[in-house]
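Me: Please take me through the pocket and the overall fold here, stating the criterion behind each term.

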Amino acid sequence: MCFCLCGLCLWMQGVWVMFYFGLGDGTGGHAVICVAFSTDLVHWDKDHEPLYPAGGHPAGIDSQHAHKISIIYDDEGVGYLYYTAVGPRGRGIALLTSKPMDDGPN
């Protein structure tokens with residue numbers, strides 16, 4: 001059994017996209033960030049692979065769970081997905097982006 005928590009639906013390019021965190025079969029007991037698609041908000045096609053699995057961060061900050069998301073798109077179409085990362089040092093806010101971030105001034 002798998003379930004969806006804290007779903008966030010956005011209308012994008014003619015389809016509803018739901019970002020959510022799930023827990024269940026295939027997650028190893030870890031909360032993971034998932035995505036599903038719908039044209040009518042009733043019938044959903046779930047992507048069978050997590051959008052972002054727990055433990056995806058190279059420093060291990062989300063080795064236990066990756067969940068509770070917020071999404072922002074800037075004026076240039078770059079997406080910023082903030083999420084709660086849970087790992088051996090506790091909880092924190094982590095960020096995924098749709099494009100690499102600028103390192104800033106040298």
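Reply: On a 1 Å grid over the protein atoms alone, a pocket is an open set of points where a 1.4 Å probe fits, with protein on both sides within 12 Å along at least five of seven lines. The model is predicted: local features need pLDDT of at least 70, side-chain atom pairs pLDDT 80 or more, while totals for chains, interfaces and linings use all residues. Residues are numbered from 1 along each chain, and side-chain values use heavy atoms, without hydrogens and water.

Me: What volume does the largest pocket have?

Reply: About 200 Å³, where a volume is the space filled by probe spheres set on the grid points, joined across faces, edges and corners.

Me: What makes a residue part of the lining?

Reply: A lining residue has an atom within 4 Å of a point. Those of the largest pocket include Met 12, Phe 19, Tyr 52 and Ser 98.

Me: Which strands each supply at least two lining residues?

Reply: Strands are DSSP runs of E, at least two residues long, numbered from the N terminus. β5 (65-73), β6 (79-87) and β7 (90-97) do so, and β6 gives the most, with 3 residues. The protein has 7 strands and 0 helices (H or I, at least four residues).

Me: How do the lining residues divide by polarity?

Reply: They comprise 9 nonpolar, 3 polar and no charged residues. Tyr counts as nonpolar and Gly as polar, whereas Asp, Glu, Lys and Arg count as charged.

Me: How much of the protein counts as buried?

Reply: Of the 106 residues, 28% do, buried being under 20% relative accessible area with a 1.4 Å probe, protein chains only.

Methods: Buried means under 20% relative accessible area, exposed over 50%, partly exposed in between (1.4 Å probe, protein chains only).
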